[in-house]
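Work through the exercises below with the model open in your viewer. Try each task before reading its solution.

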Amino acid sequence: MKHVVVVGSGASGVHFAQSALDNGWRVTLVDVGRTAPAAELPNASFAQLKREHPDPAGYFLGERFEGALFPGGKGEYYGFPPHKGYIFAPLDGLALRSRGFDPLLSFARGGLAEAWTGGSFPFAPAELCDFPFEPERLVRYYGVIAGRIGVSGAVDDLARFLPGHEHLAPGLRLDAHSEALLGAYERAKPRLNRELRCFVGRSRSAVRADEREDRHGCTYLGRCLWSCPREALYTPSITLRALLRREGFTYIPDHVVTRVDADDSNRVKRLHARHVASGAALELDAPRVAFAAGTLASSKLLLDSLRAHGGAAPTLTGLMDNRQVLVPFVNLALLRKRVELDSYQYHQLALGLERDDPRHYVHGLVTTLKSALIHPIVQSVPLDLSSALWIFRNAHAALGLVNVNFHDERRESCSLSLDVARDGGSTLLVRYEPAADESERIRATLRDVKRALRQLGCFAPPGMTHVRPMGASVHYAGVLPMQREGGALTTTPLGESRAFGGLYFVDGSTFPFLPAKNLTFTLMANAARIADEAFGR
Amino acid sequence: MKHSSDERSPAPPRPPVQAGAAQRVDSLLERECDVFVRYLSGVAPSEYVLERYLAAHAAGVVEPPGGAADFERWIVRRASSATWLVRALDAHQRVFANGSLLRRKLVLLLALLEVRAPHAEAIDTPTGSSRAAMLFVLAWLGARFALTLLVATLVLAPVQLAFKLGGRA
């Protein structure tokens with residue numbers, strides 16, 4: 001039986017592994033694999049947790065109150081709750097420095113997508129034009145992945161930006177605020193479409209309402225932000241758990257891969273790892289290796305391998321990430337209404353702004369505020385806290401947030417390289433410079449978003465728009481682009497490295513372009529495509 | 001001190017404290033917790049909120065980065081005497097020192113209140129006023145804020161100057 005070693009259990013790794021197993025390959029997955037804490041009171045709703053949890057402050061704010069956001073603090077509103085800390089906990093021995101970029105890495109089972117909000121947005125054909133293969137070769141895998149993970153949504157006005165695919169289930173029950181926004185859109189649609197080229201519709205999310213053979217449906221507990229205790233919201237660790245039951249699959253947790261070795265003809269032959277706790281070395285004979293550790297970690301592995309093989313490590317250019325801008329808004333029609341806590345908490349609607357170049361499409365995730373913590377918002381109201389709280393009580397149900405995503409393109413000035421210490425250890429250097437026209441693009445787009453909100457009966461309070469730092473969206477891509485022909489620091493259309501034969505990159509590092517959409521759904525589809533096309537029966 | 005009686009589960013054990021100074025600190029913290037929670041919610045803090053408030057101080061998360069200035073500590077001491085004083089000093093600190101010790105303590109308490117019933121339920125409940133009444137209250141809150149800010153600024157400016165001259169601002 002043919003054998004492939006996969007590095008990393010994130011969204012790309014587990015779907016690559018699943019397809020390779022389906023094709024008759026033996027798969028070994030090496031992973032640090034930190035595990036999630038057990039779900040607490042798994043059937044309790046958000047409001048019940050506040051009544052019945054023995055230590056709700058420990059649950060919501062953390063044992064060390066790390067979830068409390070103080071005035072003037074560095075934390076971002078809508079950040080990650082304390083018990084998701086295991087997802088982003090750093091790893092000893094993996095050093096990283098950055099400029100213009102706030103990088104996040106994950107060593108959790110399931111990787112970064114353990115903290116995603118489920119956005120499953122297929123790339124449109126125009127957004128795939130830099131990919132060195134016909135879009136159809138990727139598009140059909142959206143249906144494959146949707147069948148595996150369960151994606152809900154609708155083919156509506158956003159279909160011009162979000163193509164339909166197989167296995168798209170009906171959307172979840174809308175919360176009252178999202179329903180009101182959609183109703184307002186229907187009334188304002190002619191103007192919005194014509195004047196602003198703005199379209200609103202149902203979001204696409206990796207969550208379903210119906211029970212499946214191995215998954216619960218969403219029961220609207222309102223705990224999405226704190227990890228769905230019923231696993232109705234898909235995360236890659238669910239697939240990993242299923243893989244563990246399959247013949248031909250071997251999981252090696254608690255190990256961090258350090259590099260690969262190649263033979264004289266530059267074909268990969270061995271993989272080196274070390275035990276996270278003891279440091280004990282592990283070597284695996286591996287004629288084929290698939291890196292799925294995420295753009296930053298996979299790139300560091302390649303650079304360390306090149307350094308070990310040839311003595312020098314080059315600079316990888318073209319790092320991309322989606323700039324995100326958060327635009328809070330108040331829906332005047334919902335003032336003085338009671339907030340609906342028992343509802344799905346992430347984006348139920350999306351907003352699309354058409355641009356002259358279809359690759360420059362702007363995508364907004366519309367999240368209505370329900371069960372997120374409120375103290376970060378109340379403290380930002382420019383009044384004393386008691387008055388601010390009174391206002392908030394009457395405005396809670398009316399609050400929402402548009403997370404505006406911008407596309408990114410490969411540029412020489414955005415790069416990854418190694419800084420090698422005397423003792424041989426290496427530090428990954430991340431450099432990012434925004435495009436020269438970024439500020440103007442953001443300004444023009446925000447003007448349109450705020451005008452659209454006004455036409456929906458909402459207004460964006462001045463001074464509260466927040467431009468997130470680069471790196472915050474965790475949609476990293478682009479440093480080893482897939483190209484039909486290219487140099488050693490590119491990959492083939494099947495994601496195979498041109499530096500080392502037999503070494504495949506099945507994560508976002510090979511994407512030659514990054515549209516303004518969460519890339520996770522496409523990561524999974526592309527990993528399944530590579531497994532089928534390069535690791536067929 | 002009066003506590004709400006609707007606790008449904010025992011509060012986590014309080015970390016052991018040493019007699020003397022530590023107990024005096026706890027007593028001050030209990031006092032300010034009581035006044036600050038009344039200011040925010042109109043009722044006394046529950047045992048659980050008080051326990052967590054003390055625990056947060058013991059964990060060292062309340063002090064501003066770099067530590068609080070003497071003037072900030074003085075503000076907290078004054079604020080813990082009465083709810084109307086908290087309002088005035090909070091208004092002042094919101095405008096002139098948003099990350100100050102008083103604001104951090106108040107925000108911590110708000111965070112504790114919002115995660116625990118019954119305070120949490122009150123926070124999620126609209127006041128039930130009509131649109132006209134709401135507009136009126138909004139105008140009143142704005143006017144009261146402006147007035148208290150003005151008075152607090154006039155009173156605190158010489159105090160802060162004195163702290164500065166004493167090298168303790």
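The exercises that follow concern a predicted model.

**Exercise 1. The interface**

Task: Describe the contact between chain B and chain A by residues, area and polar links.

Solution.
- Step 1. Count the residues. Chain B brings 47 residues to the contact and chain A brings 41 residues.
- Step 2. Take the area. The two chains bury about 4,200 Å² between them, and 62% of that lies on carbon and sulfur atoms. In chain B, the residues that lose the most area to chain A are B:E114, B:V115 and B:D124; together they make up 15% of what that side buries.
- Step 3. Look for polar links. Across the interface, 23 residue pairs are in polar contact, both residues being at pLDDT 80 or more.
- Step 4. Assign the chain B side to helices. At least two residues each come from α1 (21-41), α2 (47-58), α4 (83-96), α5 (101-114), α6 (119-123) and α7 of chain B. With nine residues, α5(B) gives the most.
- Step 5. Sort that side by class. It has 26 nonpolar, eight polar and 13 charged residues.

**Exercise 2. Salt bridges**

Task: Find a salt bridge between the chains, then one within chain A, and say what the second ties together.

Solution.
- Step 1. Start with the total. The count over all chains is 37 salt bridges.
- Step 2. Go to the interface. Between chain B and chain A there are two salt bridges. In one between these chains, the side chains of B:E121 and A:R51 meet at 3.2 Å, N to O.
- Step 3. Move inside chain A. A:D22 pairs with A:R246, with the closest N and O atoms 2.8 Å apart.
- Step 4. Place both ends. A:D22 is in helix α1 (residues 11-22) of chain A, and A:R246 is in the loop between α7 (236-243) and β7 (249-252) of chain A, so the bridge ties together parts 224 residues apart in sequence.

**Exercise 3. A pocket and a cavity**

Task: Characterise the second largest pocket and the largest cavity by volume and lining.

Solution.
- Step 1. Size the pocket. The volume of the second largest pocket is about 1,200 Å³.
- Step 2. Find its centre. Of the 45 lining residues, A:P328, A:I377, A:S380, A:V381 and A:M464 lie nearest to it.
- Step 3. Trace the lining elements. Chain A supplies at least two residues from each of β13 (324-331), β15 (362-368), α9 (375-378), α10 (385-395) and β16 (399-405), and α7 (131-165) of chain B also supplies at least two.
- Step 4. Classify the pocket lining. It has 29 nonpolar, twelve polar and four charged residues.
- Step 5. Turn to enclosed space. There are six cavities of 30 Å³ or more. The largest cavity holds about 110 Å³. It is lined by 16 residues, and A:C218, A:Y220, A:L221, A:C224 and A:C228 are the closest to its centre.
- Step 6. Classify the cavity lining. It divides into ten nonpolar, four polar and two charged residues.

**Exercise 4. Backbone exceptions**

Task: Inspect the bond between B:A117 and B:P118, then the phi of A:H167.

Solution.
- Step 1. Recall the norm. Most residues other than glycine have a negative phi, and most peptide bonds are trans.
- Step 2. Check the bond. B:A117 and B:P118 are joined by a cis peptide bond, with omega about 5°. B:P118 sits in the loop between α5 and α6 of chain B.
- Step 3. Check phi. A:H167 is not a glycine, yet its phi is positive, about 60°. A:H167 belongs to the loop between β4 (151-153) and β5 (168-170) of chain A.

Key:
Residues are numbered from 1 along each chain as its sequence is written. Chains are lettered from A and ligands numbered from 1 in the order in which they are written. This is a predicted model: local features need pLDDT of at least 70, side-chain atom pairs count only at pLDDT 80 or more; totals for chains, interfaces and linings use all residues. Side-chain values use heavy atoms; hydrogens and water are left out. On a 1 Å grid over the protein atoms alone, a cavity is a set of points where a 1.4 Å probe fits but cannot get out, and a pocket is an open set with protein on both sides within 12 Å along at least five of seven lines; lining residues have an atom within 4 Å of a point. Grid points are joined across faces, edges and corners, and a volume is the space filled by probe spheres set on the points. Helices (H or I, at least four residues) and strands (E, at least two) are DSSP runs, numbered from the N terminus. Ala, Val, Leu, Ile, Met, Phe, Trp, Tyr, Cys and Pro count as nonpolar, Asp, Glu, Lys and Arg as charged, and the others, Gly among them, as polar. Contact means heavy atoms within 4.5 Å. Buried area is the accessible area (1.4 Å probe) that two parts lose on being put together, summed over both. A salt bridge is a side-chain nitrogen of Lys or Arg within 4 Å of a carboxyl oxygen of Asp or Glu. A polar contact is a pair of N or O atoms within 3.5 Å; within protein, one must be able to donate a hydrogen and the other to accept it, and residues adjacent in sequence count only if both atoms are side-chain atoms.
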